[in-house]
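User: Could you take a close look at one part of this model for me, the place where two neighbouring helices pack, and then set a few other spots beside it? I'd enjoy a connected walk-through.

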Amino acid sequence: MSEKRKGARSIKDIPQDILEQLNRGEIETANLTEWLAVDQRLLLENLLQQNNRIDYLKPVLENIDQLKKQTVNTLNEAIGVGLLHLARKNKDEEFLFRLSTHPADLVRCWAAYTIGRNNELKLKEKLKSIQSFATDSHFGVREICWMTVRPDISKNLDESLSVLSEWTQHSNENARRFASESTRPRGVWCEHIDALKQNPGLGLKILEPLRSDSSRYVQDSVGNWLNDASKSQPEFVVEVCDEWLRESPTKETQYIVKKALRTIKK
């Protein structure tokens, strides 16, 4: 296995040959700088040419042109949703599978949208299908995939919390982290879940099993979940943290509690 690339610190420092490989979809991005530098239109065109699906290009580009605001995330969604509609119209399951196993992380991000925005899938099926993206080795895919199902989680909160509470027992830390991150009351780059802002106790079936999780990645998410909740229900969060420290005085729990309480006025 080759040594992991570090990635450039600024977009202008990315070597030309690396940028070309990224835009052809031959390699993964090494960091956020590269992730932001990829020309998603060009990557899409290259992908469609490589897979003999160039007739998909024009309709997807039209979707992109209609966006009010073009950011990495809105482009991601427009391309993913566009490819989903075209593949469904053409009964092209094979192409959807190729996207989900593609070497380029941004292509796998698009693939996550082909699941998260597929209205033919019921919630349980969506969550089951998204799990391979939740455990992806690439940070970008893991971040995008919970956003793709977040609207469904919000709309079907009880069922989602029930399904995701099982994920808290998963051996893969990324799956456990998804259970927490995807249900954060406020979340990042996404709509808030009002029910959890008002009644964060609903989320305890996710949080309790993770209160002393060995993974720092999971701990950060649980701490942030409770910190989100503290903005609207500070007393609840203080109570939960006190209880956790009494019942589970591990260094992991202490770390989570510190993160959870960081913005509560003493």
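Analyst: Happy to; here is the helix pair, followed by an aromatic pair and two single residues.

Please keep in mind that this is a predicted model. Let's start with helix α7, which covers residues 105-116, and helix α8, which covers residues 123-134. Their axes lie 9 Å apart and make an angle of about 170 degrees. Angles over 145 degrees count as roughly antiparallel, and α7 and α8 are therefore roughly antiparallel to each other.

Which residues make this meeting of α7 and α8? From α7 come R108, A111, A112, I115 and G116, while α8 brings K126, S129, I130 and F133. Sorted by character, the residues of this contact comprise 5 nonpolar, 2 polar and 2 charged.

A residue of α10 makes a good next stop. S160 sits in that helix, which runs over residues 157-167. Is S160 buried or exposed? Its relative accessibility is 0%, so S160 counts as buried. Leaving out residues up to four places away in sequence, S160 touches L123, D152 and I153. L123 falls within the residue range of α8, 123-134, so this contact of S160 with L123 leads back to the helix pair we began with.Now for the aromatic side chains. The whole structure holds 2 aromatic pairs. One of them joins Y56 and F95, edge-to-face, with 5.7 Å from centre to centre and 70 degrees between the planes. Y56 belongs to the loop between α3 (40-50) and α4 (57-65), and F95 to helix α6 (residues 93-100), so the pair ties together parts that are 39 residues apart in sequence. Both partners are under the 20% cut-off for buried residues: Y56 has a relative accessible area of 3% and is buried, and F95 is buried as well, at 0%.

R262 offers a contrasting setting. This residue is found in the segment after α16 (251-260). With a relative accessible area of 45%, R262 is partly exposed. Setting aside neighbours within four places in sequence, its contacts are G223, N224 and N227. With N224 there is also a polar contact, in which the two side chains come to 3.1 Å. For a sense of distance, the C-alpha atoms of R262 and H170 are separated by 28 Å, and these two residues are 92 apart along the chain.

Note on methods
Residues numbered from 1 in each chain as written. Predicted model: local features only at pLDDT ≥ 70, side-chain atom pairs only at ≥ 80, totals over all residues. Heavy atoms only, no water. Axes fitted to C-alpha atoms, helices over the stretch in contact; angles between N-to-C directions. Helix = DSSP H or I, 4+ residues; strand = E, 2+ residues; numbered from the N terminus. Parallel < 35°, antiparallel > 145°, perpendicular 65-115°, else oblique. Contact = heavy atoms within 4.5 Å. Nonpolar A, V, L, I, M, F, W, Y, C, P; charged D, E, K, R; others polar. Buried < 20%, exposed > 50% of the residue type's maximum accessible area, 1.4 Å probe, protein only. Polar contact = N/O pair within 3.5 Å; in protein donor to acceptor, adjacent residues only side chain to side chain. Phe/Tyr/Trp six-rings, centres within 6.5 Å; stacked < 30°, edge-to-face > 60°.
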